[in-house]
Amino acid sequence: MIRKPIIILLLISVSVLNAQHYPEVTIPNSQVRKITSTIVTGQEYELQISLPSSYENSTKKYPVVYVMDSQWDFPLVKSIYGEQYYDGFIPEMIIVGVTWGGENPNADVLRARDYTPTNDGREVETGGADKFLEVMKKELFPFIESNYRAENSNRTLMGCSLGGLFTLYTFFSHTDMFTGYVAASPAVAWDNGVLYQLEKAFREKQKVNSVRVYMTVGDVELGKSYYQEFAEKMMNTNYKNVQLHSKILENTGHSGTKNETYSRGLQYVFNRNQLRLSDKELNKYVGFYQLENGDKVEIKKKNNELKLDLPQYSVPLLVNSESHFYATFSFFNLHFKEQNNIIEGFDLITYGNMQTFQKVKE
């Protein structure tokens with residue numbers, strides 16, 4: 001008899017705690033926009049958009065990564081972007097996650113409709129990839145590029161499973177829409193391997209613009225052998241102006257491929273050059289450089305490469321172009337200023353900071 005009031009009191013306390021309202025966790029520098037399609041009639045698409053930290057204080061345009069199934073993957077890609085950008089592997093970018101809006105959208109049904117290239121006879125609607133690509137081309141791209149400073153010549157498409165199928169389908173059939181394609185565990189067996197026909201048609205046509213494609217499968221997936229067969233066919237084909245990489249991920253299942261695929265895929269798509277310059281070309285960068293406060297650094301040449309000597313360590317510099325050198329240990333970029341083939345100085349851009357050095361005579 002004594003225990004009943006205690007139990008009731010505990011239940012009331014738990015109920016009160018559950019009823020209290022606390023602030024929701026939000027993703028910084030992100031926002032939600034919505035568009036209603038006239039192509040997929042009346043379908044509302046929700047756009048989950050992440051802007052780089054420098055966006056408000058700059059006037060430049062940014063590359064855009066379009067992420068399929070953002071109802072699941074937007075927070076993941078946003079986190080991966082933060083890691084990869086901080087470490088200097090990828091540039092600042094706009095991320096656009098695409099999912100379905102409206103009242104109680106069923107993502108499983110809608111993704112089967114929008115991401116598949118053919119109708120394979122399922123009970124749910126399939127085969128709407130061309131319509132969805134028309135949505136992207138005529139409604140989504142214009143919306144993003146008129147409302148944000150987005151580069152229209154530097155777009156990347158990423159997706160997993162049916163989203164990966166859609167990514168490869170877009171690569172084969174609408175290649176010039178994107179410059180980068182990242183496909184995690186693509187459903188290459190869809191509709192009795194219709195991708196084989198699409199790959200054949202792609203192989204037989206001429207490709208002009210340069211693109212990069214990164215694709216993976218988990219090594220414990222049931223569809224691994226089918227993926228391997230298709231990927232090997234792609235890898236053994238010398239596509240014109242296509243850089244392609246395929247990887248089998250160790251001890252990884254179907255959904256688990258997203259993490260590494262999106263991380264490595266972004267690195268691959270945005271991989272910088274590692275040019276080799278002659279000794280004569282490198283010599284013009286060698287010397288002392290000075291900040292306004294008088295602090296000096298030195299660029300030296302050793303074994304046909306440049307090193308930037310800082311007070312605490314020496315940084316080997318890789319060559320992306322004759323005006324842009326970089327390092328891979330962190331976000332670390334030197335942008336040289338040159339006039340009449342004479343180096344006048346450089347901007348050192350590190351994570352969240354920029355310093356301007358002028359070349360000095362010793």
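Two strands count as paired when DSSP finds at least two bridges between them. Helices (H or I, at least four residues) and strands (E, at least two) are DSSP runs, numbered from the N terminus. What you have open is a predicted model, in which local features need pLDDT of at least 70 and side-chain atom pairs count only at pLDDT 80 or more, while totals for chains, interfaces and linings use all residues. Residues are numbered from 1 along each chain as its sequence is written, and side-chain values use heavy atoms, with hydrogens and water left out.

**Stop 1: two hairpins**

Select residues 314-321, which is strand S12. On one hand S12 pairs with S13 (residues 324-327), antiparallel, over 3 bridges. Serine 321 sits opposite histidine 324 of S13, and the hairpin these two strands form has 2 residues between them.

Now add residues 305-309, strand S11: this one pairs with S12 in the antiparallel sense too, over 4 bridges. Look for lysine 307 facing proline 316 in S12. S11 and S12 also make a hairpin, with 4 residues between the strands.

**Stop 2: the open sheet**

Next, colour the 8 strands of the open sheet, which run in the order S1-S2-S4-S3-S5-S6-S7-S8 with mixed pairing. S1 (30-36) and S8 are the edge strands; each has a single partner, so one side of each has no neighbour in the sheet. On average, neighbouring strands here are turned by 20° against each other, direction ignored. Axes are lines fitted to C-alpha atoms, for helices over the stretch in contact, and angles run from 0 to 180 degrees between N-to-C directions.

Pick out helix H5 (residues 162-173), which packs on this sheet and touches S3, S5, S6, S7 and S8. The direction of H5 makes about 135° with that of S5. (Contact means heavy atoms within 4.5 Å.)

Then zoom in on S2 (residues 44-50) and S4 (residues 94-100), an antiparallel pair with 6 bridges. Serine 50 stands opposite isoleucine 95 in S4.

**Stop 3: threonine 99**

Stay on S4 and select threonine 99. Is threonine 99 buried or exposed? Its relative accessible area is 4%, so it is buried (buried is under 20%, exposed over 50%, partly exposed in between, with a 1.4 Å probe and protein chains only). Which side chain does threonine 99 join through a polar contact? That of glutamine 71, at 2.7 Å. A polar contact is a pair of N or O atoms within 3.5 Å; within protein, one must be able to donate a hydrogen and the other to accept it, and residues adjacent in sequence count only if both atoms are side-chain atoms. Setting aside neighbours within four places in sequence, threonine 99 is in contact with Tyr45, Glu46, Gln48, Ser70 and Gln71.

**Stop 4: helix H8**

Select residues 257-269 for H8. At 1.5 Å a residue its 13 residues should span 18 Å (the expected span is 1.5 Å times one less than the number of residues), and the end C-alpha atoms are 17 Å apart, which agrees. Because 10 of the 13 residues are buried, H8 is largely enclosed by the rest of the structure. Among the buried ones are Tyr262, Leu266 and Val269. The buried residues of H8 pack against several elements, including helix H2 (70-86) and strand S5 (150-160).

**Stop 5: phenylalanine 331**

Finish in the loop between S13 and S14 (332-339), at phenylalanine 331. This residue counts as buried, at 11% relative accessibility. Not counting residues up to four places away in sequence, phenylalanine 331 touches Tyr85, Tyr86, Asp87, Gly88, Ile90, Ile349, Thr350 and Tyr351.
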